Amino acid sequence: MRRSLVSAALALAAISVPFVAWSAVAAGQAPAAASKTSKLLTPAALTAKAPAMFKAKFDTSKGVFVVEVHRDWAPFGADRFYNMVANGFFNGVRFFRVIPGFMAQFGINGNPAVTAAWNKADLKDDPPNKQSNMRGFITYGTTGRPNSRGTQVFINYKDNSFLDPQGFVPFGQVVEGMEVVDMLNSEYGSKPQDAQARISAEGNKFLMATFPKLDFIKTATLVK
């Protein structure tokens, strides 16, 4: 699929796109959640400028972790992340690829229509900054082509500074609950990405049946 963490030349680091998908009605979401889903169908309209620094709380199936985002590190990436969190993009999202000693990746919405909309909204590259892909830092995935970032992000488990010169620009870091990130289920490794076609077509229904132990985000909210 379109998104990957690194180029195909780096077999260990290559990260592809499994999609999670089901409608708000099928998922039994409340009207407010359905309303947020509607907003997510038009990513071009979600253009709020992020604060200079903000925090996002991720309540997951393993516990809570908090990401602190610095807009001066990566303004384009920070703005997109801010809008995604503010509009409920990450709610219900699975951690579809977790590799111990490397990273934990997530960022595919649970609605196929939303996924399709955001796949058409490539994110402009941020220039390299003074930050590095060290443990706990969070960065967007990319195909390796210019301006190819989308919605997938990964949290580094260790010093992955080898990614820095390849255009992987951190935009924040986990400041609370890194032990929760460490506990995310890694038993499936990269297997979910091998079923990308079915994941794209069937979403969470397929993931829950085939990879039932994937950890997931219950809610992601901006910290007031």
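1. Pairing of Lys55. In this predicted model, Lys55 has Glu68 of strand E2 as its bridge partner. The pair belongs to a longer register: strand E1, residues 53-60, and E2 run antiparallel and are joined by 8 bridges. The two strands form a hairpin, with 2 residues between them.

2. The other neighbour of E2. Strand E2 also pairs with strand E7, residues 170-176; here 4 bridges are found, and the strands again run antiparallel. Glu68 recurs at this second pairing, where Gln173 of E7 stands opposite. Glu68 is thus bridged to Lys55 and also stands opposite Gln173.

3. Enclosure of E2. How many of the 8 residues of strand E2 are buried? The count is 6 for this strand, which spans residues 63-70, so E2 is largely enclosed by the rest of the structure. As background, side chains in a regular strand alternate between the two faces of the sheet.

4. Contacts of Phe65. Which residues does Phe65 touch, leaving aside those up to four places away in sequence? The list includes Ala56, Lys57, Phe58 and Thr60, together with Phe95 and Ile155. It continues with Val174, Glu176, Gly177, Val180 and Val181.

5. The largest nonpolar core. Phe65 is also one of the residues that touch the most other members of the largest nonpolar core, a set of 40 residues. The others named in this respect are Phe58, Phe81, Phe90, Phe106 and Val181. Helix H2, residues 75-86, supplies the largest share of this core, with 5 residues. A separate core of 7 residues lies apart from it; Tyr188, Ala195, Ile199 and Phe211 are among its members.

6. Location of Asp126. Is Asp126 buried or exposed? Its relative accessible area is 5%; the cut-off for a buried residue is under 20%, so Asp126 is buried. The residue is found in the loop between helix H3 (112-119) and strand E5 (137-140). Ala78 is 48 residues away along the chain, and the C-alpha atoms of Asp126 and Ala78 are separated by 9.8 Å.

7. Surroundings of Asp126. With residues up to four places away in sequence not counted, Asp126 touches Ala74, Pro75, Phe76, Gly77, Arg149 and Val169. Two of these contacts deserve comment. The Asp126 side chain reaches the backbone nitrogen of Gly77 at 2.9 Å. The side chains of Asp126 and Arg149 are joined by a polar contact of 2.9 Å.

Methods
Residues numbered from 1 in each chain as written. Predicted model: local features only at pLDDT ≥ 70, side-chain atom pairs only at ≥ 80, totals over all residues. Heavy atoms only, no water. Core = buried A, V, L, I, M, F, W, Y, C linked by side-chain atoms within 4.5 Å. Buried < 20%, exposed > 50% of the residue type's maximum accessible area, 1.4 Å probe, protein only. Contact = heavy atoms within 4.5 Å. Pairing = 2+ DSSP bridges. Polar contact = N/O pair within 3.5 Å; in protein donor to acceptor, adjacent residues only side chain to side chain.
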